[in-house]
Amino acid sequence: MAAARCSVDAIMPRQQMSLVRPEQGEIGVSSYGAPIQQAGSMVSLPTLQWSARTGRMPNAASSEKIVIQRQCQASAIRMSMRAGAVSNSVQIALESEAGVCYELLRDRLAAGEWELADEETRRLLCELAGEGAVKRKWVYFSEVQFIPVADLKTIDRLWRAYSKNKFGYSIQRRIWKAVDKSWTAFFRKVGWTRPLDEKNETYRSFPLEFMWDLADPTPEGHLPLTNALRGTQLLDKILCHPAFDDTDGENELNLRSTAFNLF
Amino acid sequence: MAAAVASTVAAGASACFFSATQVGFWQNAGAHRFRVSWDVSSGSTHEGLRSNEADRVYRQGNNSSVGFSPAVSNSPRKSSLKVSSAVLGNGLFTQTKPDIRRIIPETRHGIPVVKLVYVVLEAQYQASLSAAVRSINKSKKDVRFEIVGYLVEELRDTDNYAMFCKDLEDANIFIGSLIFVEELAQKVKIALEKERDRLDAVLVFPSMPEVMRLNKLGTFAMSQLGQSKSAIAQLIRRKRKEEGGRFEETMLKLVRTIPKVLKYLPTDKAQDATRFLMSLQYWLGGSPDNLENLLVMISSSYVPSLKGKKLEFGEPVVFLDTGIWHPLAPQMFDDVKEYLNWYGARRDANDKLKNPNAPVVGLILQRSHIVTGDDGHYVAVVMELEARGTKVVPIFAGGLDFSMPVERFLYDPITRKPLVQSVVSLTGFALVGGPATQDHPRAVRALQKLDVPYIVALPLVFQTTEEWLKSTLGLHPIQVALQVALPELDGGLEPIVFSGRDSRTGKSHALHKRVEQLCTRAINWADLKRKSKAEKKLAVTVFSFPPDKGNVGTAAYLNVFSSIHSVLKELRSDGYNVNGLPENAEALIEEIIQDKEAKFSSPNLNIAYKMNVREYEHLTSYSKALEESWGKPPGNLNSDGQNLLIFGKQYGNIFIGVQPTFGYEGDPMRLLFAKSASPHHGFAAYYAFVEKIFGADAVLHFGTHGSLEFMPGKQVGMSDACYPDSLIGHIPNIYYYAANNPSEATIAKRRSYANTISYLTPPAENAGLYKGLKQLSELISSYQSLKDSGRGPQIVASIISTARQCNLDKDVSLPDEGAHLTSEERDLVVGKIYGKIMEIESRLLPCGLHVIGEPPSAMEAVATLVNIAALDRPEEGIFGLPGILAEAIGREIEEIYRSSDRGVLDDVELLKNINDTCRETISAFVSKTTNKKGQVVDVIEKLGALFMLGRKDPWQEILSKSKFRNADQEKLKTLFDFLAECLRLIVADNELGSLKQALEGKYVEPGPGGDPIRNPKVLPTGKNIHSLDPQSIPTMAALQSAKIVVDRLLERQKLENDGKYPETIALVLWGTDNIKTYGESLAQVLWMLGVKPVPDALGRVNKIEPVPLEELGRPRIDVVVNCSGVFRDLFINQMNLLDRAVKLVSELDEPLELNYVRKHAIEQAASLNISIREAATRIYSNASGSYSSNVNLAVENSSWNDEKQLQDMYVTRKSFAFNSDTPGAGMSERRDIFEAALATADATFQNLDSSEISLTDVSHYFDSDPTKLVENLRSDKKKPNAYIADTTTANAQVRTLGETVRLDARTKLLNPKWYEGMMSSGYEGVREIEKRLTNTMGWSATSGQVDNWVYEEANSTFIEDEAMQKRLLETNPNSFRKLVATFLEANGRGYWETSEENLEKLRQLYAEVEDRIEGVDRN
């Protein structure tokens, strides 16, 4: 199988490379790195790379409250997101065993076009799963086994990198395992369902009720979306893919090591 | 020739999947009867269809939209929009708005715009039509389409309806499909009729005839079609002849081959008709392409502005009819072998799936969902099953008859053995007939042959996902009637809602947790077929209700432990592991209920398992939700303070467990008042243990009934948050249920997913006479022989004084002692007493308790047969025996009944003679078929032999010696043939057989529940009980019977109320009663109001019209209807009908003295400051998901302070009204009107539904009695008269409540035959005796209609009689203690005055038994 390797630097628009990383004071950790603050939550916290710069780790209990006008916040987020991308760019190899190109996904993620990136991800999954899936426009759960480890890892890496570890399958996997693999609880955590009344949750309507934004209140693990129209088996198989076998506990480790390695 | 009404489609088929609604199609004045099968398919071919129009509306926040379906999108969206999903509170079933479907094209000069308005039931047409219109607007140069669509259900809303009418005003084309809800069909008809002439084209596909008649395509109209000599009609007729019974299938083929057929038609004449048929075909094709072609064809042919323009359109695309479909497969399969080959070669399948021993589940699908691509919910189920290592065979059909594809595709092509171990229908429809005319026998035959569990799951149709989630009713009532009640008649199990509906696109989507529940359960049922008997684990669950140790193992009419013992012995010999089963039932009781060593000193049941809190919380995901009612686990119930306790005992692979109680004993008053509560932790722990620790393959709930299925949640179609669903989890549930209780069995079936297996109630016997009553009977017979001898007066004096001793003075007015009586007066008194004695004597009572697997003995069957023989069955051409005998002596039986009721001595005597002769002949008949052991064997063979030998028929010998020797031989022959069959069925016990079948994962034959006397089809027992088609009642026959009862009731009330009609009657509607009688009591309410039901064109009862006052001949009586929670669950459509009837009557412009409903409503409207219509609220029940007033529980627990408290409880729990103006809102509290209405009641009334359940047998009759409550509410504090109708015998009676209580006490509690029968059942028997006394006291509490002598006599029977008292104590000390306590309580509450001596003795006894139970040694 042909392995494709796209050079990140070659594709990355130049001006993005030269973007200045925001200063620590400009945007607080809590503005988008904040974990879901729920009592008894077992979700481990995603860490932002640059927070380690000052040696500060985000902390659920004591996360700083920063009141910024939503407008400002959004632009700050966009900026910081790009900044994050830059910081990761050297590390993200667009590795593919299947000979699939991930540039479009990367570009969309890099541009903060979350909805388009999400769409591209699903398209890629179909492509990876095989001809049948491409034709069908959705992946049958048992086709997930045909997706090479390297490719799924690449997709996940891209999502994580550009979202500061907020989005991505491995993030979702961690959340899912933390809630004892209860889909209902998982959907609630990642915000794919919303409360309807005191007893019931209902699915969010696609695409309008989803949050195409990295900033809060978008919950961790909210993206990429996997269709619940046909139940949970596809997502189950993705999250159980060998690509993520080594990610248990790795997230924290990885994050920590990444954070410290940067400096 | 009478016009044949051809249409047979039932109400509202379904939204997402109407394939093939079979329709009796167009009708006409001739006798032609056409049926066309439809396959309606629709849809977009890819998911996530988006429209800018929809988005626009959506962004305005006008719509609540459900479903989460990421898809390939066309445009990126940068901003994240917060959409509030405002749900409009219009109180209807759906809140979706038609505007979502409106597409307005950009107009350009010179291009004509065609406006299309459509009304459909199937929401998925929306996506398809929108796509079609968008495509036309984009690609066609010469035309633009404006389109707006309505879902039928939306037209209930007045604003929507107004918009619809307005939209029609400038529309060019109207399309309607599947408009079957009567009320809404009327609305469409009215609006459409106004515009029909102006419209360019009207296309109405299968719908109610009145709407179909409005079809218009040029010269084509529906009225022409059937009647003409058109070639199509001819062809259809010829086809029909050729194919006979398979006409539907033929029609389906015909529709599909129309293009070919059309060639042979004279095009010039039939052009318009041809276009109609083609339209139909496009419509059935359903895809955007087909619909686009349909619109182009119709508009270019009929819209004037398009005349002359050449618009191109393609031929209809035809799809495969029936076959196998798999989401991964490149094509559909027409052959099971091909499918299996493909399946076996799948590259994606893992080892588990490739294992030849993997379970196989058959799925039944609607073709339309597949061809339109609206198949997400199907895919979810297929994936879920395969992911769990289960193979699937998903078959589909576009026609109505799913039994055909079952036959073709679910059998191994080589071995011809069934390929599957369980079948799940995802269509929601009955197997044969879909929403139209069902053929249940054919379905049952097909399923019997396949012999696997058959599950019918439900997609949401009339509601969006959110609407269903929010609804306390759960599933839309019309869908319940169509897709829950009807499939049950096929033996369908587990109505699990597995898919939702997106309000925006109308598309189906999986409900992930529901899909998981459905699939796991289907696999577990399949596993029953795969596992060996030796490894199968069964959890037998017994009840303890009311919560008291003496009640462990309660079930109506059932000797539970003997039955369990007999079941387990049978299972052991069949190969199940039942190691350590004790020798007999008594030992079994000992081991489960009490410590072996100390009979009286063990306060606890045997503990099978202690579950610590951590384990409990881990196993029970919903435990947090229980904390609101019960605090942190473990709580006080089924707990030792540290752990949750599971009571029961394991024998090999069988666990016998005690279901925890509701928990009322924990905090009774709070819970009894609660609208609804939740199960307690102990309850949840029990089921968690059964499923996850014991690992049951199936649970067997033993007898009628436990608490599981009455736990809070939606009524039908439960969600993840409903307790019965969460509790039963993934375990297949088998439930032994009394055959005479179909209504509650249905609740168990729907809410706890039970396969209900019926058991026989104990054989009835005549109550007979005893003590003073016997003496009276002897005196009467000597009076008859000696009355003319001069000793008459003397004997009469004895009769009168004996009658007084027997407390008959309240039933018959007895002359004073020493009063001089003429011989006529003497005859009359004796006649009346005699009548009363006969009434007591002939009363049926179930003797003893039934043991599963023990058929009744011959003599036990006699009384049942006598009663079966007493009823006329005109529809079957069977005449009742009493009638035949009366006829033999030139009399009419009805007239004898009447005159006997009046006390005419000769006729009382004659009636006795007739009754005795009936018994004798039937005894003679039965004795011929009895073996040495006294059991009935080989009925048919023996009788057949008798007949063939030409010997005298057994009954002839008896009759030839009597005065009835001239009885009609022909009628007798017919009757006895029928009785022979009944006898065979009574003894053909299949209760154990069916249980074994269910445990082996086989299909259990379905059958109706009910009273074997009224409906012998209930027999033999061992059937999967179902109720009936709820829209079929009340029947016309029921209406006839209802009139008789209401008229007698009114007569009786006038007699006791100075000749005045009652202004208001407060009455109760029971589910079982209405099932058994096909809606008699429902019809009674209508007749009181002076309203009659009118069946619609399809024979469904959903219209009413007032009976003119002149015809009624009396005032319209106001009613306050208290529906039982079960009635509410089963018959919400009928509650709707009743509410409409009340509102209709309240708005009639009639004199107030002739319309009490209006009179009261006006008063109430004024005093409560509401509208008259609102004041006319009379149809009440519990809040959704809650049952009973709980007065019964309070009485059983002795946990109430005073009667006021009981009345408060009744009002608090029962004041939830159903409002037909806001049917989707479910039950809403209207206590103010409820009390105001009750305050006007002059009489209270209930029906007795069958011979074996009377007033004191169960607690629910007094539980629903408002007599004293009404007395309190009335401004004059007058006690209303209370009546009970008894239609269980051929001679229907309306008695006062007091009379009925006395009759009940005499025939049961005080009758040696009854209590000795109970005592012979041991432990359970004592409890039965205690229960009768407690229920009697319940009547004192709610109605005050129990005479002192009843308690007095009971005391002398059970307490004063030393021997009896000892027996009771020894057999079941806990129940005995309760008996003693109840006597003391009756006295304490002032219901029983007695001697201090009696009381002292009771107190002493209480202390003694208490000490013994608690193990205190006084010495």
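1. In chain B of this predicted model, a good place to begin is an open sheet of 8 strands, whose order is E34-E33-E32-E31-E28-E35-E36-E37 and whose pairing is mixed. At the edges of this sheet stand strand E34 (1227-1229) and strand E37 (1293-1296) of chain B, and each has a single partner strand, so one side of each is left without a neighbour in the sheet. From one strand to the next, the twist averages 30°. As background for a reader new to such arrangements, the strands of a sheet pair through backbone hydrogen bonds, and they do so either parallel or antiparallel.

2. Within that order, E35(B) is followed by E36(B), and the pairing of E35(B) with strand E36 (residues 1281-1286) of chain B is in the parallel sense, over 6 bridges. One pair of residues may help to locate this on the model: B:Thr1244 has B:Ala1282 as its bridge partner in E36(B). Helix H53 (residues 1297-1307) of chain B lies across E35, E36 and E37 of chain B, and its direction makes an angle of about 95° with E37(B).

3. Which residue of strand E35 deserves a separate look? One choice is B:Gln1246, which is found in strand E35 (residues 1243-1248) of chain B. B:Gln1246 counts as buried because its relative accessibility is 4%, and the cut-off for that class is under 20%. The side chain of B:Gln1246 is joined to that of B:Trp1070 by a polar contact of 3.2 Å. Leaving aside residues up to four places away in sequence, B:Gln1246 touches a set of residues that includes B:Val1068, B:Trp1070, B:Tyr1261, B:Asp1265 and B:Trp1339. Among the residues touched by B:Gln1246 there are also B:Tyr1283, B:Ile1284 and B:Ala1285, and the range given for strand E36 of chain B is residues 1281-1286.

4. Elsewhere in chain B, helix H19 (residues 477-489) has 13 residues and reaches 17 Å from its first C-alpha to its last, which is close to the 18 Å expected at 1.5 Å a residue. H19(B) is mostly covered, with 13 of its 13 residues buried. Just after H19(B) comes B:Gly491, which takes a positive phi of about 90°.

5. Strand E15 (residues 497-501) of chain B has 5 of its 5 residues buried, so it is largely enclosed by the rest of the structure. Strand E14 (residues 458-459) of chain B is joined to E15(B) by 2 bridges, and these two strands run parallel; here B:Leu458 has B:Val497 as its bridge partner in E15(B). With strand E16 (residues 508-510) of chain B, in contrast, E15(B) pairs in the antiparallel sense, over 3 bridges. The strands E15(B) and E16(B) form a hairpin with 6 residues between them, and in the turn B:Gly506 has a positive phi of about 75°.

6. The residue that stands opposite B:Gly500 in E16(B) is B:His509. B:His509 is buried, since its relative accessible area is 2%, and the side chains of B:His509 and B:Thr465 are joined by a polar contact of 2.7 Å.

7. Is B:Pro1108 buried or partly exposed? At 37% relative accessibility, B:Pro1108 counts as partly exposed, and its place is in the loop between strand E30 (1101-1106) and helix H43 (1109-1112) of chain B. B:Pro1108 and B:Pro1008 are 100 residues apart along the chain, and their C-alpha atoms are separated by 37 Å.

8. Turning to chain A, there are 11 helices and 2 strands, and from the N terminus on its elements run α-α-α-α-α-α-α-α-α-β-β-α-α. Of the 263 residues of chain A, 58% count as buried. Among the contacts in chain A with a separation of 6 or more, 72% are between residues 24 or more positions apart.

9. A caution on confidence belongs with chain A, which averages a pLDDT of 69, with 59% of the residues scoring at least 70. Over residues 1-90 of chain A the pLDDT is below 50, although this stretch has 148 contacts in the model beyond near neighbours in sequence. The pLDDT also stays under 50 over residues 250-263 of chain A, for which the model has 21 contacts beyond four places in sequence. Where pLDDT is low, the predicted coordinates should not be read in detail.

Terms used: Residues are numbered from 1 along each chain as its sequence is written. Chains are lettered from A and ligands numbered from 1 in the order in which they are written. This is a predicted model: local features need pLDDT of at least 70, side-chain atom pairs count only at pLDDT 80 or more; totals for chains, interfaces and linings use all residues. Side-chain values use heavy atoms; hydrogens and water are left out. Helices (H or I, at least four residues) and strands (E, at least two) are DSSP runs, numbered from the N terminus. Buried means under 20% relative accessible area, exposed over 50%, partly exposed in between (1.4 Å probe, protein chains only). A polar contact is a pair of N or O atoms within 3.5 Å; within protein, one must be able to donate a hydrogen and the other to accept it, and residues adjacent in sequence count only if both atoms are side-chain atoms. Contact means heavy atoms within 4.5 Å. pLDDT is the predictor's confidence in each residue, from 0 to 100. Two strands pair if DSSP finds at least two bridges between them. Axes are lines fitted to C-alpha atoms, for helices over the stretch in contact, and angles run from 0 to 180 degrees between N-to-C directions. The expected span of a helix is 1.5 Å times one less than its number of residues.
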